[in-house]
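Hi,

Here is the structure I promised to pass on. Have a look at it first, then read my notes below.

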Amino acid sequence: MRTPIKPPSNRTLITGLGASAIAVALIAGFEGYSNKAYDDGVGVQTLGFGSTRHPDGRPVQPGDTVTPQRAVVMLAQDADAIARELAACIGPVPLYRHEWDAYVSWAYNVGAANACRSTLVKKLKQTPPDYEGACRELLKWTRAGGRELPGLVKRRQAEYRLCTGEGAP
């Protein structure tokens, strides 16, 4: 049986940590709000602050609409779901809250399945975790639909700064 990792005094085990207000605000700022469904640029219908599913679980369809209030609720629920999936695949790795917030924002954008298969997660799971290397991995996720997108470059740079503590509140 593996010995549990003891978190350093300044990092916390992420088990049970949801998406913080900082992570949700970061996501909202980069996703932007739309009251009408739109194609995200790679063929996925999106609504509100980047939600791809309604609260009832059905995929967003062209013509769907949402109020700002409902969109905020959907964002918080989606971000918490992503955080739970990400925490499950990372496992008992101690993180600073600002690192976790950056990873939740990133995973919200790229999807939990892609995040969990990533080199970033592998770097966190190695012994000892490669925290700096994991933060640097964020900068590689700037492409969608086969091309680099300026908005993703900007988002990944902000997530990287947050991850390294440079952009932490």
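Start with two helices: the crossing of α1 and α3 is right-handed. Keep in mind that this is a predicted model.

A bit of background: two packed helices are described by the angle between their axes and the distance between the axes. Here, α1 covers residues 21–31 and α3 covers residues 97–110, and their axes come within 9 Å, crossing at roughly 40°. That angle makes α1 oblique to α3, because it falls outside the ranges for roughly parallel (under 35 degrees) and roughly perpendicular (65 to 115).

Which residues in α1 and α3 meet? On the α1 side they are Ile22, Ala23, Leu26, Ile27 and Glu31, and on the α3 side Asp101, Val104, Ser105, Tyr108 and Asn109. Sorted by type, the residues of this contact come out as six nonpolar, two polar and two charged.

Now for the largest pocket, which holds about 840 Å³ of space. It has 30 lining residues, and the closest to its centre are Glu31, Asp40, Tyr108, Asn109 and Val110. You've already met Glu31, Tyr108 and Asn109 in the contact between α1 and α3.

Which elements supply at least two residues each to the lining? They are α1, α2 (68–90), α3, α4 (112–116), β5 (143–144) and α7 (150–164). The one that gives the most is α7, with five residues. As for the make-up of the whole lining, 13 residues are nonpolar, eight are polar and nine are charged.

Cheers

Terms used
Residues are numbered from 1 along each chain as its sequence is written. This is a predicted model: local features need pLDDT of at least 70, side-chain atom pairs count only at pLDDT 80 or more; totals for chains, interfaces and linings use all residues. Side-chain values use heavy atoms; hydrogens and water are left out. Axes are lines fitted to C-alpha atoms, for helices over the stretch in contact, and angles run from 0 to 180 degrees between N-to-C directions. Helices (H or I, at least four residues) and strands (E, at least two) are DSSP runs, numbered from the N terminus. Angles under 35 degrees count as roughly parallel, over 145 as roughly antiparallel, 65 to 115 as roughly perpendicular and the rest as oblique. A crossing is left-handed if the near helix is turned anticlockwise from the far one by less than a right angle, and right-handed if clockwise. Contact means heavy atoms within 4.5 Å. Ala, Val, Leu, Ile, Met, Phe, Trp, Tyr, Cys and Pro count as nonpolar, Asp, Glu, Lys and Arg as charged, and the others, Gly among them, as polar. On a 1 Å grid over the protein atoms alone, a cavity is a set of points where a 1.4 Å probe fits but cannot get out, and a pocket is an open set with protein on both sides within 12 Å along at least five of seven lines; lining residues have an atom within 4 Å of a point. Grid points are joined across faces, edges and corners, and a volume is the space filled by probe spheres set on the points.
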